[in-house]
Amino acid sequence: MDTLTSPALTGILDSALQSADSAQFRAYDWFAILRQQGWHTFQSLPMPKRDDEKWRFSDTRTLSLSGYAVAPAPSESEVAKLFARSQFISRPAGLIVHVDGHCIHKPALAPELTAQGVIFESLTDALRHHPALLKQYLLKHKAGLGGDKFLALHQAWLRSGYLLHIPKGVVVAQPFVSFHWTLAEGAAVFPHALVIADELAQVTIHDFHLSAQPATRALAISACDIHAGSGAKVHRLAVQGWSSTTQSFQIDNTCGGRDSLISSVHAAVGSRRARLENIVRIDGPGADVRLCGISVATGEQEFDQRTLQIHSAGNAKSDLLFKNALLDKSRTIFSGLIKVAPDAQQTDAYQTNRNLLLSTEAEADSLPGLEILANDVKCSHGATTGQVNPEELFYLRARGIPLAVAQELLAQGFLEEVLAKVENEEAAATVREMLRVKFHQI
Amino acid sequence: MAEIDESQTQREAIEVDRSKGDFKYEENYAFDAGVGLSPSVVDYISKVKGEEPWILEFRQKALKTFESLPMPTHWATTDLENIHFDKIRYYLSKGQKPVRTWEEVPDDVKATFERLGIPESERKFLAGVEAQFDSEAVYSRMKEELEKQGVLFCGPTDGLRDHPEIFRRWFGKVIPVGDNKFAALNSAVFSGGSFIYIPKGVKVAQPLQAYFRINAENFGQFERTLIIADEGAEVTYMEGCTAPKFETATLHSAVVELVALKGAKIQYITVQNWSANVFNLVTKRGVAEEGAEVRWIDCNIGSRLTMKYPGVVLRGKGARGEVLSIALANDGQHQDTGAKMIHAADDTTSNIIAKSISVGTGRSTYRGLVHIPKTLKNCRNNTECDALLINEHSRTDTYPAISVRGQKNSVQHEASVSKVSAEQIFYMMQRGLSEGEAMSLAVNGFVNDLVKEFPMEYSVELKRLIELQMEGSVG
């Protein structure tokens, strides 16, 4: 259990409670100040409005932060149950598990990793052991895609999450795995992930965001910052499977140094509304960034995906592919932007969004954008929205496959392009199964 | 963090040679609406035109709307803030046209006329030295032909006065007053433009050219055009010309409404080449009823800032909309162009092809909107936008918005940004072309398939114009 336990259920919009919660970090005054700054920023910013360009197409009317509170620590039996459910990956390099923002399982690293200087700790432990590292890297970027208010709230209540630091030249093949569960009704969680891969380090991360029950109401505002040094290789899989009544926000920031290789796959099935903001900053030449996203949206779900690829350095590559399958009355919004700075010559940047409408009432919105200030570049974007190919459907049905099954098979085939990029077989199988289950929930 | 420095490029864009358009007004006019915008200016314009009370009411309401709407700078460029509405003349009656002499016309403009092969008689008119050149004969011959077919081709004042039964029904309906700030401004102070009605089944063989009619009056700063093609009618309308048009007024804000009734076809061709001090903020939209087709062919070469997104509302089953757009942004220019396709009926199709070229510090922007709501079936959209960047500091942006629901609807959008390949240039230079010629040839190749869509004489001039713009951009 964490030594820093929170008081009983507290409302996240209450100044006094926030301030009392921060008081627990008195021993780490810089951190308490950081939280306080977050609180002030949160209060000073307005809620997003309908005509806010960064929230175009989003349903801002139903956005609400009231009625959520930091939940108390879970009972022993719940802890045991959820820990047992956090075993998707059989041999992780390290496993950390949070329930309602409380760390219930701290990672135990193999001695050889510790000997190489690898750090994988809960945020509160890292506060004690590695304050310098946190001071240098923690929350150094603004949200930038419209989620500033939410990121500020995340900062104000920051407690749960992890620090992962891979020192220079260290290569870890097995994935580092993190689980965040929501359990209590009305729980607010603020999971944080800070990944620092030094020069030539190699690391794989799997983040699972899940709910214990399929329909408990929750608010999740997560952030993940990745710093990839020169020649570092970072692979991340982020799975969003919160309960069907959750409002979730995921604000990611990735910085890629010279010759770094970064790949990420965001898989989304959960939440009533889920917003993903993903900024990738290419600061060094030769970097190679691959961003993928898949989602299966059902019911009245809204998946709101905002991405920004910033090429500040030349000779670098970035490639983005987001695929959404839409059922029922669901809605997906993809808004992507590639920015190429004036001096970032010889940039190759691509962006593709493909939406598969499996229902007549679903809506797919696409805002693929480019801002190119250099001339010697290859940039393109493509966006398509359409239905299952009728010829393919006919082919399957002619072989006796029922319509529903045939549609599902074709939709799975559509999503497989992204799943194939998840290198860890167990992780890919887990996601594949989650998508399959989603199809059968209808 | 080396974020992209927007302020730098914007500052550069503002450094425009203002002397080019810096002509003087004479001060003592018989009728002078004066400078700035107020209800009395609107009253004045309406009175001079002898309009009916409902038009005055329409104008006054529009003025209120204009004042209540904010500048769209939350998505558009902040360069808009450099428009000083209180320093603009909103109406110039006859005799209030700018006066200048042939000697005052800059040499490069004279050279451009030469290169484009503009007839001697038209040069002085285009340069603003003479108020008009003698085109009365051409115009009246054309008018005679058209009248036989029952075609109406007049200005907004005549149109609304003499044929209210035809024009009033659609006037301000395709583009309502509150559509955007600049459409509201135009609705308040519009003067000049063309009102056209093509009767049922009439196919007008020759393109109607604004050029021949409008120079008989003052070329409107706030043009208002309404074209109605009745069932099965067909018409092509051409606006603007390739020659540079020197203007004293720095704000141009036109509203163009097209109505294609059942089975009608309207093709609207624009070549915009305002001088580099002009803000050109235009709203253009067409409605296509069942089986009708509206096609916008839009070419933007001049102006300091152009914001123009021709749109088609596909209101009838099987309607078709198309926008073909070419934009060329040179030093200090920002071509913010695009297209809107609003699908509002089954089986409708739309096509957008946009090509832009950015030269020097020029910036070209594509903004698109494709909307297919949930009640519809079998709608299709295809969008392609390609940008070519010539110099190191050239800039291009693409901001499409695509929203799709419903059954069996499909959209595809593709955009690419590239530069002229070194291999191509090398290949041509090896065969004796200079680098400039090679570049110009490559750029013409890039837009060739769109230029072909223009009427022949325009496409020839366009090619020459692109060559001119490309000169000095390399080497």
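Colleague: In which sense do strand 22 of chain A and strand 19 of chain B pair, and over how many bridges?
Modeller: This is a predicted model, and what follows is computed from it. Strand 22 of chain A covers residues 377-386, and its pairing with strand 19 of chain B joins the two chains in the antiparallel sense, over seven bridges.

Colleague: Which residue of strand 19 of chain B is the bridge partner of A:Thr384?
Modeller: Strand 19 of chain B spans residues 410-418 and is one of the elements that supply at least two residues of the side of chain B that touches chain A. Within strand 19 of chain B, A:Thr384 has as its bridge partner B:Gln412.

Colleague: Which element gives the largest share of the side of chain B that touches chain A?
Modeller: The contact between the chains involves 37 residues of chain B and 36 residues of chain A. On the chain B side, strand 18 (395-404) and strand 19 each supply at least two residues. By class, that side has 14 nonpolar, 15 polar and eight charged residues. The largest share, 10 residues, comes from strand 18 of chain B.

Colleague: Within chain B, which element gives the largest share of the side of domain 1 that touches domain 2?
Modeller: The domain assignment of chain B places domain 1 at 19-308 and domain 2 at 421-475, and 10 residues of domain 1 are in contact with 10 residues of domain 2. Two or more residues of the domain 1 side come from each of strand 8 (265-272), strand 10 (293-300) and helix 4 (107-116) of chain B. That side of domain 1 divides into seven nonpolar, two polar and one charged residue. Its largest share, three residues, is given by helix 4 of chain B.

Colleague: Why do the buried residues of helix 2 of chain B lie on the same side of the helix?
Modeller: In helix 2 of chain B, residues 39-48, the buried residues are B:Val41, B:Val42, B:Ile45 and B:Ser46. An α-helix has 3.6 residues a turn, so residues three or four places apart point the same way. The buried residues of helix 2 of chain B are on the same side because the arc that they cover around the axis is only 135 degrees.

Colleague: Which exposed residues does the face of helix 2 of chain B turned away from its buried side carry?
Modeller: The buried residues of helix 2 of chain B are covered by elements including helix 3 (53-68) and helix 9 (181-189) of chain B. The face turned away from that buried side carries the exposed residues B:Pro39, B:Ser40 and B:Lys47.

Note on methods: Residues numbered from 1 in each chain as written. Chains lettered and ligands numbered in written order. Predicted model: local features only at pLDDT ≥ 70, side-chain atom pairs only at ≥ 80, totals over all residues. Domains from an automatic or database assignment. Contact = placed C-beta atoms within 7 Å. Helix = DSSP H or I, 4+ residues; strand = E, 2+ residues; numbered from the N terminus. Nonpolar A, V, L, I, M, F, W, Y, C, P; charged D, E, K, R; others polar. Pairing = 2+ DSSP bridges. Buried ≥ 20, exposed ≤ 12 C-beta atoms within 10 Å, placed from the backbone. Arc of directions from axis to C-beta.
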